[in-house]
Amino acid sequence: MKFVAFERAKQGTGASRRLRISGKTPGIVYGGEGKPQLIELDHNALWHALKKEAFHSSILEMELGGATSKVLLRDVQYHPFRQLVQHIDFQRVDAKTRMHMKVPLHYKGEEESDAVKLDHNLVTHVMTELEVSCLPADLPEFIEVDLSSLKKNATLHVNDIKLPKGVKFVSHGKLNPVIVSAVPPLVSEEPAPAAEGAAPAEGAAAAAGGKPAAKTAKPAAKK
């Protein structure tokens, strides 16, 4: 994806506030061989770009001052309750340096799997993205995961999926975490049937919330 940025001369809280009032978003570009550079972007164009998955997970082409460079989105600061981007950070991309990036997982084939079709399992996507390490040229926009062979009560781990060439999973101590699980649906228990032999009158009285009538005592025998 490509976007246009403009050089920003002034910095500080007051200058940033004036930029936002004028429909601009302040930002910064850092990393690589160059020094950190202050930039500003058109807020409306940026707002629509941020709604696209690729803007968050792929290498972007930034046009600035007539030159184009490759950058990654690193941080976005939103207003607490208004639809407003307050600040944005980008990092320059070095073609020869491995980078860490979170890549979305796209699942497919779930409805065709035995776990869903035959056993009516509930499939949970435990992870929706994966942090990977790779060179910029090898960075995928997303990683596709085929669930068509998923069986009942099964779990799918990171090691069960094939990563693109040159891409490695960044574990952070979790060597082989679960990304998908299939579990049977919950079955509600049916109420127990009424005990056999119960008198109809007693059952009706219980249903009405009353007590069964007491049995009439036999008259005492005459002496």
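In helix H2, which spans residues 43–50, the buried residues are His-43, Leu-46, Trp-47, Ala-49 and Leu-50. Viewed down the axis of H2, these buried residues fall within an arc of 165°, so they line one face of the helix. The packing partners of the buried residues of H2 are S2, S3, H3, S5 and S6. The model described here is a predicted one, and every value in this report is computed from it.

**Overall composition**

The protein has 223 residues, of which 34% are buried, and its secondary structure comprises 5 helices and 13 strands. Among the contacts between residues at least 6 apart in sequence, 67% join residues at least 24 apart.

**Helix H1**

Helix H1, residues 13–21, buries Ala-15, Ser-16 and Leu-19. Seen down the axis of H1, its buried residues fall within an arc of 100°, so one face of the helix is lined by them. An α-helix has 3.6 residues a turn, so residues three or four places apart point the same way. On the face of H1 turned away from the buried side are the exposed residues Thr-13, Arg-18 and Ile-21, while the buried residues of H1 pack against strand S2 (24–30) and strand S3 (37–42). After H1 comes Gly-23, which has a positive phi near 90°.

One residue of the buried side of H1, Ser-16, also figures in a long-range relation: its C-alpha lies 8.8 Å from that of His-87, although the two residues are 71 apart in sequence. His-87 belongs to strand S6, and, when neighbours within four places in sequence are left aside, His-87 is in contact with Arg-8, Thr-25, Pro-26, Gly-27, Ile-28, Asp-75, Val-76 and Gln-77.

**Aromatic pairs**

A pair of aromatic rings is described by the distance of the centres and the angle of the planes. With ring centres required to lie within 6.5 Å, the count comes to 4 aromatic pairs. Two of these, both edge-to-face, are set out below.

| Pair | Centre to centre | Angle between planes |
|---|---|---|
| Trp-47 and Tyr-78 | 6.2 Å | 85° |
| Phe-55 and Phe-90 | 6.4 Å | 85° |

Trp-47 lies in helix H2 and Tyr-78 in strand S5, so their pair ties together parts of the chain that are 31 residues apart in sequence. Which burial class does Trp-47 fall into? With a relative accessibility of 19%, Trp-47 counts as buried, the cut-off being under 20%, whereas Tyr-78, with a relative accessible area of 40%, is partly exposed.

The planes of Phe-55 and Phe-90 stand at 85°, so that pair is edge-to-face. Phe-55 in helix H3 and Phe-90 in strand S6 (residues 85–92) are 35 residues apart, and their pair links distant parts of the chain. Phe-55 and Phe-90 are both buried, and ring pairs join them with Phe-3 into a cluster.

**The largest pocket**

Rolling a probe the size of a water molecule over the atoms shows where empty space is left. The largest pocket has a volume of about 270 Å³. It is lined by 15 residues, of which His-56, Ser-57, Met-101, Lys-102 and Glu-129 are the closest to its centre. Helix H3 (53–57), strand S5 (67–78) and strand S7 (99–108) each contribute at least two residues to the lining of this pocket, and S7 gives the most, with 6 residues. In chemical character, the lining of the largest pocket divides into 5 nonpolar, 5 polar and 5 charged residues.

**Positive phi outside glycine**

Most residues other than glycine have a negative phi. Which phi does Asn-153 have, and where along the chain is its place? The phi of Asn-153 is positive, near 60°, and the residue sits in the loop between strand S10 (143–146) and strand S11 (155–157). Asn-153 has a relative accessible area of 48% and is therefore partly exposed.

His-172, likewise not a glycine, has a positive phi of about 55°, and its place is the loop between strand S12 (168–169) and strand S13 (178–183). The relative accessibility of His-172 is 61%, so this residue counts as exposed, the class that begins over 50%.

Note on methods: Residues are numbered from 1 along each chain as its sequence is written. This is a predicted model: local features need pLDDT of at least 70, side-chain atom pairs count only at pLDDT 80 or more; totals for chains, interfaces and linings use all residues. Side-chain values use heavy atoms; hydrogens and water are left out. Buried means under 20% relative accessible area, exposed over 50%, partly exposed in between (1.4 Å probe, protein chains only). Helices (H or I, at least four residues) and strands (E, at least two) are DSSP runs, numbered from the N terminus. The arc is that of the directions from the helix axis to the C-beta atoms. Contact means heavy atoms within 4.5 Å. On a 1 Å grid over the protein atoms alone, a cavity is a set of points where a 1.4 Å probe fits but cannot get out, and a pocket is an open set with protein on both sides within 12 Å along at least five of seven lines; lining residues have an atom within 4 Å of a point. Grid points are joined across faces, edges and corners, and a volume is the space filled by probe spheres set on the points. Ala, Val, Leu, Ile, Met, Phe, Trp, Tyr, Cys and Pro count as nonpolar, Asp, Glu, Lys and Arg as charged, and the others, Gly among them, as polar. Rings of Phe, Tyr and Trp (its six-membered ring) pair if their centres lie within 6.5 Å; planes under 30 degrees apart count as stacked, over 60 as edge-to-face and the rest as tilted.
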